[in-house]
Number of protein chains: 4
Amino acid sequence: MSELKTAIATYDETSITWRGKDLVNDLLGKHGFTEILYFLITGRMPTATETKVMDVCLVTLMEHGMTPHAIVARLVADCNPGQVQIAMSAGLTCVGDVFAGTMEGCGRLLEAGLKEVDAQAWCAQVAADHRSRRKALPGFGHNLHKPDDPRSPRLFQVAREAGVEGRAIALLETLGGEVDKAYGRHLTINATGALAALMLEIGIPPAIMRCLAVTSRAAGLTAHLKEEFETKSGREIWRLVDESFAYVAPEEG
Amino acid sequence: MSELKTAIATYDETSITWRGKDLVNDLLGKHGFTEILYFLITGRMPTATETKVMDVCLVTLMEHGMTPHAIVARLVADCNPGQVQIAMSAGLTCVGDVFAGTMEGCGRLLEAGLKEVDAQAWCAQVAADHRSRRKALPGFGHNLHKPDDPRSPRLFQVAREAGVEGRAIALLETLGGEVDKAYGRHLTINATGALAALMLEIGIPPAIMRCLAVTSRAAGLTAHLKEEFETKSGREIWRLVDESFAYVAPEEG
Amino acid sequence: MSELKTAIATYDETSITWRGKDLVNDLLGKHGFTEILYFLITGRMPTATETKVMDVCLVTLMEHGMTPHAIVARLVADCNPGQVQIAMSAGLTCVGDVFAGTMEGCGRLLEAGLKEVDAQAWCAQVAADHRSRRKALPGFGHNLHKPDDPRSPRLFQVAREAGVEGRAIALLETLGGEVDKAYGRHLTINATGALAALMLEIGIPPAIMRCLAVTSRAAGLTAHLKEEFETKSGREIWRLVDESFAYVAPEEG
Amino acid sequence: MSELKTAIATYDETSITWRGKDLVNDLLGKHGFTEILYFLITGRMPTATETKVMDVCLVTLMEHGMTPHAIVARLVADCNPGQVQIAMSAGLTCVGDVFAGTMEGCGRLLEAGLKEVDAQAWCAQVAADHRSRRKALPGFGHNLHKPDDPRSPRLFQVAREAGVEGRAIALLETLGGEVDKAYGRHLTINATGALAALMLEIGIPPAIMRCLAVTSRAAGLTAHLKEEFETKSGREIWRLVDESFAYVAPEEG
């Protein structure tokens, strides 16, 4: 006999239940999207602090202009008229190791560091270790925002004003200081690093941090796809890229 | 020269701008996820009514138990450890013509009906027309919820209490009455039908209604994937399905 | 009890069976890829004619330069290092209604026409009908190849030399003649139209024609991804597209 | 100015060129699918040996019954009628780290080993190292086929009969012997391990080995989707899985 179990949802002909609550009578219109997302993930309604922090995390990653996510979504939409879920789905695969992976990596690092007694020593060690192995430190550096990612300090501020305990944020800041020392130059704490700290503050495990990035970016792609239907950029993007490639014929042998 | 234009976002080394607002100073921590999603789509901040309606729409479609979306996400997660965006992306392709397509179809129908002078006559005509052509009427009927989808009346109530004008909702209710007459039996207004009406009330065009379904379901799949990492159902689902198929050998020829 | 049945494959601890044949002893090394693909689809090994036609169909759609498929695959590969199946999967979604849909549409049209007694009259009718409704005729016209798609006559020639009966091809050619008369100008039979005819000649139903397009394009994307790993174009494509978009700020209100 | 270059393909209004050859006059009908795939990847036509080995590699991974790939494809097809590329694309994401990743991992291992002077010593070292670190050895072991994967010896035989040099195969066999010694029990060389060796014999780099697995499985999914359209299993799979999950209500707090 199968032992499959789920605690998320069930239904019958006249009702739908999410984690023990009746969707129609207990949830719809009584709790917001961010609250219910937290509730579905964790099994309990968030505090006001947790809701505020979760919400700002979901906002931050919604949009960053003409990124691969948006370009892919526009191209795929042009190939699949009327099937916009495909464009969304394809665009969301760009939330991968390069973009959101850093959030997850930074989250795991901080999660480990929070168990250490001497945070400062641990940070110095981590910085030195990554430096000597020439390994990218997740959550640090940004190819577009220099010298600092403007989102990170604001995220820390919003979370603190919302009343988080602040241990993960403080640890990331300490790590930032040690990184600058170890590398001999300033490396910014980027938004994915800051978000990893915020999510840890409210109990979101690193394993699903990039699910939240996907959810957030899905929202952002909605705006891109509305614009795509109005302006039809997909065909033009194709032409532009096609014309930018020079064909190199093989040498005669 | 390229004529490509976007009104959604831009950035420079020290700032990010979404539709004319500075992300860090004007948006983060000052507006919620639902508000900013509406803002990114339409270019203006929603009223309290619009925010409330958008929010309840995003909640409704988050979750419905062990649907194809969740099953696919769990199977793909098991094949791609550490790459949870792939599981999300594959699961979200199930938001297709069968599930969210009905929302879009109902939205286009209502959008057309709202331009008619005699709503009642138009509804009677639409019902009779679908009935005689034996064509499914988008937004009506549900394979699991009988006799009525419990979400629809609650959605109408929430929207009305939030202060919508109510023309699209009223039209859908009128259509429901005419459908029951034309078919000689009661067909429920299902949740995707109700959501189509709510989204029209706040100015969301049918073309992107299923983008919002994708965003909403991405949130729901986050909960499924957290549970998947804890309970490891993917392998068991595979075994269960595999064992349920009987192999039929070809007849000797 | 479940009634699920499959005739495709089964296995036990020491053997694998595909449609009644032992993979290891009957198939591996004894039949080629194209033969076995036909065998898995239809349940019987193809004739030499069928193999030849299937093979040329699989070749034709492999590659067409820097199409959306290739651009998407390169962008997604750059975001997901080491997970090249995601890049393939995302790129293959571009085999949609615009590209391969025409093949399926043309296949369905020809399938209907083959049942008609008076082919010429049917063709004239179809041409006139699409013309008057200003509806695109699947399998006709090409945005890049003018006045003629060079692949189509060669495909007809290869199939005829391989020994097909030729009814579907002849019907498509007749249709082409009637189209030119009805439109008052020459519309080329494009490669997807020609492929639809070839596939019908060997018994491939329209419903899975685009599956074969996906298989074929998967092969082509393999070459693109090898080149991508060597030349790293994904980041440059992103930069190029990003810089080509002008940001339009909202007007002050 | 952009420096983007491709050596794969170009086109003009009347011709299409793949790696310096005219598609219509030089390739269509003159070379088979497997040959042209090899040609597109490497830039030269394969020898008869290379064609034979490539072909058997493409056949081997086409099909293995009701795997996650097939289950996902059937579920997604049911949600997206008429858009079979989405079902293919979603199913192909199951070619991930768990299935094809072992092929790539084994390929990289063998590639490194082929540079060693003392193959036997290197194999003993690799086996001991994985054993002591309790790390899975890519290309060894199989959850369904015991004690041996029946495909591997046949693949070696086909490749040798086709005339490969045989260094990679011999190295894998040597590694197999050392593995059995180090582990004190027999671990089978599985099909993905054998395929990695065969692909190295014909010069296919590990980085694109899973692209070929995707291409091969796309062929296999074509058969599953044809069967799906005839037997409609997707809805039944959903019902079966849904009913197998028990809902666990939260404890009262």
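**Close-up views of a predicted four-chain model****Figure 1. In chain C, the loop between helix 7 and helix 8 is where C:Arg134 is found.** Helices here are DSSP runs of H or I with at least four residues, strands are runs of E with at least two, and both are numbered from the N terminus. This is a predicted model, in which local features need pLDDT of at least 70, side-chain atom pairs count only at pLDDT 80 or more, and totals for chains, interfaces and linings use all residues. Residues are numbered from 1 along each chain as its sequence is written, while chains are lettered from A and ligands numbered from 1 in the order in which they are written. Although C:Arg134 is not a glycine, its phi is positive, at about 50°. Most residues other than glycine have a negative phi. C:Arg134 is exposed, with 6 other C-beta atoms within 10 Å. (Exposed stands for 12 or fewer other C-beta atoms within 10 Å of a residue's own, buried for 20 or more, and partly exposed for anything in between; C-beta atoms are placed from the backbone.)

**Figure 2. A cis peptide bond leads from C:Lys146 to C:Pro147.** Its omega is near -5°. C:Pro147 sits in the loop between helix 7 (119-132) and helix 8 (151-162) of chain C. Turn to chain A and you will find a cis bond from A:Lys146 to A:Pro147, with omega near -5°. The loop that holds A:Pro147 runs between helix 7 (119-132) and helix 8 (151-162) of chain A. Most peptide bonds are trans.

**Figure 3. Strands 2, 3 and 4 of chain D form an open antiparallel sheet, in the order 2-3-4.** Two strands count as paired if DSSP finds at least two bridges between them. Strand 2 (9-11) and strand 4 (21-22) of chain D stand at the edges with a single partner strand each, so one side of each has no neighbour in the sheet. Strand 2 of chain D is joined to strand 3 (residues 16-18) of chain D by three bridges, and D:Thr10 stands opposite D:Thr17 in strand 3. Follow the chain to the loop between strand 3 and strand 4 of chain D and you reach D:Arg19. D:Arg19 is not a glycine, yet it has a positive phi of about 45°. D:Arg19 is buried, with 23 other C-beta atoms within 10 Å.

**Figure 4. Chain A and chain B are related by a rotation of 180°.** This rotation, with 0.0 Å of shift along its axis, superposes chain A on chain B at an RMSD of 0.0 Å (least squares on the C-alpha atoms of residues with pLDDT of at least 70 in both copies). That is the relation of a two-fold axis. Of the residues of chain A, A:Ser89 comes closest to the axis, its C-alpha lying at 2.4 Å.

**Figure 5. Chain A meets chain B through 76 residues from each chain.** Residues are in contact if their C-beta atoms, placed from the backbone, lie within 7 Å. Helix 11 (residues 209-231) of chain A gives the most to the side of chain A that touches chain B, with 17 residues. By class, this side has 43 nonpolar, 22 polar and eleven charged residues. (Nonpolar covers Ala, Val, Leu, Ile, Met, Phe, Trp, Tyr, Cys and Pro; charged covers Asp, Glu, Lys and Arg; the others, Gly among them, are polar.) The copies meet through the same surface, because 100% of the interface residues of chain A are also interface residues in chain B.

Methods: Two residues are in contact if their C-beta atoms, placed from the backbone, lie within 7 Å.
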